[in-house]
Amino acid sequence: MNELVNLEEFYPTANKHADKPYNMGKLEDFNGHAKITGPCGTTMEFWLKVQNDKIKKVSFITDGCASSIASGSMTTCLLEGKPFKEAMAIRQQDVLHALEGLPKDNEHCALLATNTLKAACEDYLSKEKMNNPAATSGLSKGTTPQGAGN
Ligand code: FES
C-alpha cells in the first residue's frame, strides 16, 4: 500500500505539478515512445516528437502516485524546445532539483520518469537508424557495409 505523503505542505513545487500536470496525455504525432513499469508497480509512458534535433513536443502518462505525476510533468517541462542531446543526458537529480525535492520514499519516481524518457529517446534513435542508416552509422550514401574479409 502506498502511504499518502503530504506534498501540499512540504513540497509545493511538486504539489503544483501533481495537481495540474503539464503535457500529460498521449501525443498523436510522435517519433519516439517508451513504456516502463518500475519495481513499485507504477507504469510510465513517454512520447517524443523530435524535429531538427530538438524536442518539439514531449508528453507522458502514468498510473502512479502524485510524485510520479509531478516527476513526469517536470521532466517534460525541462525538455520542451531543448536539443535532443539534453533529453538523453537528463538525470533523476535534475528532476528532483527542479521539483525542489520529493519525499525520500518517492525519489525513485523521478528515476522512473528519466529512465522512461531515455527509453523513448532510444526508440527515436533506433527508428532514425532504420529510416536513415547512413545518418547514424557514419556510412556515406552508396557505401555498403559488406566487403570485410574480402
Ligand atoms: S511510487 Fe513508484 S513511481 Fe511513484
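Visitor: Of the 150 residues of the protein, what percentage count as buried?

Guide: The model is predicted, and in it 32% of the 150 residues count as buried. Burial here is a count of neighbours: a residue is buried if 20 or more other C-beta atoms lie within 10 Å of its own.

Visitor: How many helices and strands are there, and in what pattern along the sequence?

Guide: The protein has seven helices and three strands. Read along the sequence, the pattern is α-α-β-β-β-α-α-α-α-α. As for contacts, among those with a separation of 6 or more, 58% join residues 24 or more positions apart.

Visitor: Let us take one helix. Is helix 3 largely enclosed or exposed?

Guide: Helix 3 has 14 residues and 12 of them are buried, so the rest of the structure largely encloses it. The buried ones are A66, S67, S68, I69, A70, S71, G72, S73, M74, T75, T76 and L79.

Visitor: What span should helix 3 have, and what are its end C-alpha atoms apart?

Guide: The test is to allow 1.5 Å a residue, so the 14 residues of helix 3 should span 20 Å; the end C-alpha atoms are 20 Å apart, which agrees. Helix 6 can be checked likewise: 25 residues should span 36 Å, and the end C-alpha atoms are 37 Å apart, which agrees.

Visitor: At what angle do helix 3 and helix 6 cross?

Guide: Helix 3 (residues 66-79) and helix 6 (residues 107-131) cross at roughly 45°, and their axes come within 8 Å. The two helices are therefore oblique to each other. The crossing of helix 3 past helix 6 is right-handed.

Visitor: Which residues make that contact?

Guide: A general point helps first. An α-helix has 3.6 residues a turn, so residues three or four places apart point the same way. In this contact, helix 3 contributes S67, S68, S71, G72 and T75, while helix 6 contributes C109, A110, L112, A113, T114 and L117. By class, the contact of helix 3 with helix 6 has five nonpolar residues, six polar and no charged.

Visitor: At what angle do helix 2 and helix 3 pack?

Guide: Helix 2 (residues 12-19) packs with helix 3 at about 90°, the axes being 8 Å apart. These two are therefore roughly perpendicular to each other. A14, H17 and A18 of helix 2 meet A66, S67, I69, A70, S73 and M74 of helix 3. That contact of helix 2 with helix 3 divides into six nonpolar, three polar and no charged residues.

Visitor: Which residues of helix 6 are buried, and what do they pack against?

Guide: The buried residues of helix 6 are C109, A110, L112, A113, T114, T116, L117, A120, C121 and Y124. They pack against strand 1, strand 2, helix 3, helix 4 and helix 5 (92-98).

Visitor: Take C109 as a single case. Is C109 buried or exposed?

Guide: C109, which belongs to helix 6, is buried, with 29 other C-beta atoms within 10 Å. Not counting residues up to four places away in sequence, C109 touches G64, C65, S67, S68, S71 and L102. For S71 the C-alpha separation from C109 is 6.3 Å, although the two are 38 residues apart along the chain.

Visitor: Now the backbone. Which sign does phi have in most residues?

Guide: Most residues other than glycine have a negative phi. Here N23 has a positive phi of about 55° although it is not a glycine. N23 lies in the loop between helix 2 and strand 1 (32-37), and counts as partly exposed, with 19 C-beta neighbours inside 10 Å. N52 is not a glycine either, and its phi is positive at about 50°. N52 sits in the loop between strand 2 (43-51) and strand 3 (54-62), and is exposed, with 7 other C-beta atoms within 10 Å.

Visitor: What is the phi of G81, and which helix does G81 follow?

Guide: G81 follows helix 3, and its phi is positive, near 85°.

Visitor: Where is K82, and which residues does K82 touch?

Guide: K82 is in the loop between helix 3 and helix 4 (84-89). Leaving out residues up to four places away in sequence, K82 touches K54, I55 and A87. K82 is partly exposed, with 14 other C-beta atoms within 10 Å. The C-alpha atoms of K82 and K57 are separated by 9.7 Å, and the two residues are 25 apart along the chain.

Definitions and conventions
Residues are numbered from 1 along each chain as its sequence is written. This is a predicted model: local features need pLDDT of at least 70, side-chain atom pairs count only at pLDDT 80 or more; totals for chains, interfaces and linings use all residues. Axes are lines fitted to C-alpha atoms, for helices over the stretch in contact, and angles run from 0 to 180 degrees between N-to-C directions. Helices (H or I, at least four residues) and strands (E, at least two) are DSSP runs, numbered from the N terminus. Angles under 35 degrees count as roughly parallel, over 145 as roughly antiparallel, 65 to 115 as roughly perpendicular and the rest as oblique. A crossing is left-handed if the near helix is turned anticlockwise from the far one by less than a right angle, and right-handed if clockwise. Two residues are in contact if their C-beta atoms, placed from the backbone, lie within 7 Å. Ala, Val, Leu, Ile, Met, Phe, Trp, Tyr, Cys and Pro count as nonpolar, Asp, Glu, Lys and Arg as charged, and the others, Gly among them, as polar. The expected span of a helix is 1.5 Å times one less than its number of residues.
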